[in-house]
Amino acid sequence: MAAFLGLFRRDLSLALRQGGDTGLVIGFFVLAVVLFPFGVGPEPEVLQRIGAGIIWVAALLAALLSLDRLFEADYQDGELDLLALSSLPLELAVLAKCAAHWVATGLPLALTSPFLALLVDLDPGSIATLFASLLIGTPALSLIGSVAAALSLGARRQGVVLSLLVLPLYIPPLIFGAGAVEASAVGSGARAYLLILSAVSLAALALCPWASAAALRQALE
Amino acid sequence: MTRPDLVAEGLACRRGERLVFAGLSFRLPAGGALLLTGANGSGKTSLLRVLATLIMPAGGRLLWGMAPVEAESAAYRAQLDFVGHQDGVKPGLTPRETLAFWAALRGTESSRTPYLLDAALAAFALDRVADWPCRWLSAGQRRRVALARLIAAPASIWLLDEPASALDHENQSRLEQAIAEHRASGGRVVVASHTPIDIGAATTITLDAFAPLSDHAAAG
C-alpha cells in the first residue's frame with residue numbers, strides 16, 4: 001500500500017510540478033469548445049442542441065493529448081524496468097499511474113465543464129448532469145487510454161498510433177456521457193445513462209490494468 | 001537466513017531473429033562477483049536483463065537455490081537491485097525524493113528509510129545536491145543518484161550495467177568501495193563493463209566466447 005501511494009504521489013507531483021500537463025489539457029479543452037460557435041454560428045438553439053456533445057468530444061480529445069506522457073517518460077529513462085522489478089505488481093503500478101493521471105487531467109476537465117456549459121447555454125439541470133457524467137466517465141478515459149499508451153510504447157509517431165487505437169474505444173463513454181445530458185435536457189431522466197456510464201468505468205477499472213500491464217511487459221522484452 | 005546460490009545452466013538468449021549467446025553457465029555464491037566483458041553487442045545487457053527476469057531466456061535454466069526463478073519470481077525479484085544503462089532519474093524530482101520514492105516502492109521499512117537515505121547520499125557524495133532538482137545535475141551526478149538506489153533500497157543481488165559510465169576517477173572509487181562493502185556483507189554483484197573496474201576477486205565471463213557459431217557464419 002505504501003508503494004502504491006508512493007507511486008501515485010510521485011506521478012501527481014511530477015504532473016503538477018511540471019505544470020504543463022494540466023494547463024495544456026484545460027487550455028485545449030476550453031479552446032476546442034470555444035471554437036464551435038464560430039463554426040456553427042452563435043444561435044442558442046443550435047448550441048443547446050449540440051452543446052453536450054461538443055463538450056464531451058472536446059474532453060475526449062483533451063484527455064488524449066496527455067496520454068502519451070503516461071508511460072513514455074518512464075520507458076525512455078529506464079524507470080519502467082525498475083517498476084517491473086519492484087514489490088508492487090505491475091497491474092497496481094498501472095492503477096496508481098492512472099489514478100494520478102485522472103487527478104491531474106480528468107478531474108480538472110470535469111471541474112471546468114460547468115463554465116463551458118454556460119458558454120453553450122445549457123440549462124442548470126443539464127449542467128449538473130454534464131458535470132456528473134464527466135466525473136463518472138473521465139476515469140474510464142484514463143484507464144482505457146493506459147492500454148493504448150502501453151501498446152503504442154516505442155512506436156514511431158506514437159501520438160498518431162495512440163489516437164488511432166484509443167478513439168474507437170472512447171465511443172461507449174461518449175455515447176452514454178453525451179446521452180445523459182441530452183436525456184436530462186428533454187426531461188426523460190439521466191439516471192439510466194449515468195448508471196451505464198458507471199458500469200463502463202467500473203469495467204475499465206477491472207480490465208484495463210491487466211491489459212496495460214501485459215502490454216508493458218511486452219514492451220520491456 | 002539461508003543463502004542459496006544463483007545458478008545458470010546453459011542459458012541462451014534470443015533478440016528478434018538473432019541468437020545472442022548460448023550455452024552460458026555459472027554459479028554465483030554469496031559474496032561472489034561476476035564481471036561480464038565482451039565486444040559491443042555481445043550480449044552483456046541482454047544477460048543482465050535475463051538475470052533480472054525482464055527477458056525470458058530462449059534456452060537453459062536460471063536457478064535460485066534449487067528452484068527455478070520463474071517458480072519464485074516475486075521472492076527472487078525482491079533480492080534484486082538493477083541499475084540499467086539508463087539512469088531512471090526524473091528531471092523534476094530531487095535526488096532525495098527519487099531515493100525515498102524507490103525505497104518506498106521496494107518495500108523498505110519506513111522507520112529505516114531516513115537512515116538509509118543519508119547513507120546512500122553520503123556513499124556517493126550527493127549531500128550537497130540532495131535537494132536540487134535532478135535537471136540541474138550533471139550526467140555523472142545523475143549516474144550517482146541511480147547508483148545510490150543500491151544503498152537506499154538494499155537487496156542482495158546487484159545487477160549493474162556499465163555502472164562507471166560518466167563517473168570520474170574519485171567516484172569510481174566510491175562505487176568500488178560500495179561494491180566491496182556489499183560483498184563483504186555477503187551480497188553478490190554482476191557487473192557488465194567494457195572499461196576496467198576493480199570489483200575484487202571475480203569470475204570473468206567474456207560473452208564473445210558464447211556467441212553461437214552459426215551467427216559468425218551469418219555475419220561473415
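These are my notebook entries on chain B of a predicted model.

**Overall fold.** I began with the whole chain and counted 7 helices and 9 strands in chain B. Its radius of gyration is 18 Å, close to the 17 Å that the globule rule gives for 220 residues, so I noted chain B as being as compact as a globular protein of that length. Along the principal axes, the C-alpha atoms fill a box of roughly 55 × 40 × 30 Å. I found that 42% of the 220 residues count as buried, and that, among contacts between residues at least 6 apart in sequence, 73% join residues at least 24 apart.

**The sheet.** I then looked up an open sheet of 4 strands in chain B, which run in the order E2-E1-E4-E5 with antiparallel pairing. Its edges are strand E2 (18-28) and strand E5 (67-68), each of which pairs on one side only. Strand E4 (residues 59-64) and E5(B) are joined by 2 bridges in the antiparallel sense, and I recorded B:Ala67 in E5(B) as the bridge partner of B:Trp64. Helix H1 (residues 44-51) lies across strand E1 (6-15) and E2 of chain B, and runs at about 125° to E1(B).

**B:Gly186.** Last, I looked at B:Gly186, which sits in the loop between helix H6 (169-184) and strand E8 (188-192) of chain B. Is this residue buried, or partly exposed? Because B:Gly186 has 13 C-beta neighbours inside 10 Å, I entered it as partly exposed. Leaving aside residues up to four places away in sequence, B:Gly186 touches B:Arg3, B:Ala30 and B:Gly31. I also noted that 8.9 Å separates the C-alpha atoms of B:Gly186 and B:Pro29, although these residues are 157 apart along the chain.

Conventions:
Residues numbered from 1 in each chain as written. Chains lettered and ligands numbered in written order. Predicted model: local features only at pLDDT ≥ 70, side-chain atom pairs only at ≥ 80, totals over all residues. Buried ≥ 20, exposed ≤ 12 C-beta atoms within 10 Å, placed from the backbone. Contact = placed C-beta atoms within 7 Å. Pairing = 2+ DSSP bridges. Axes fitted to C-alpha atoms, helices over the stretch in contact; angles between N-to-C directions. Rg over C-alpha atoms; globule rule 2.2 N^0.38 Å.
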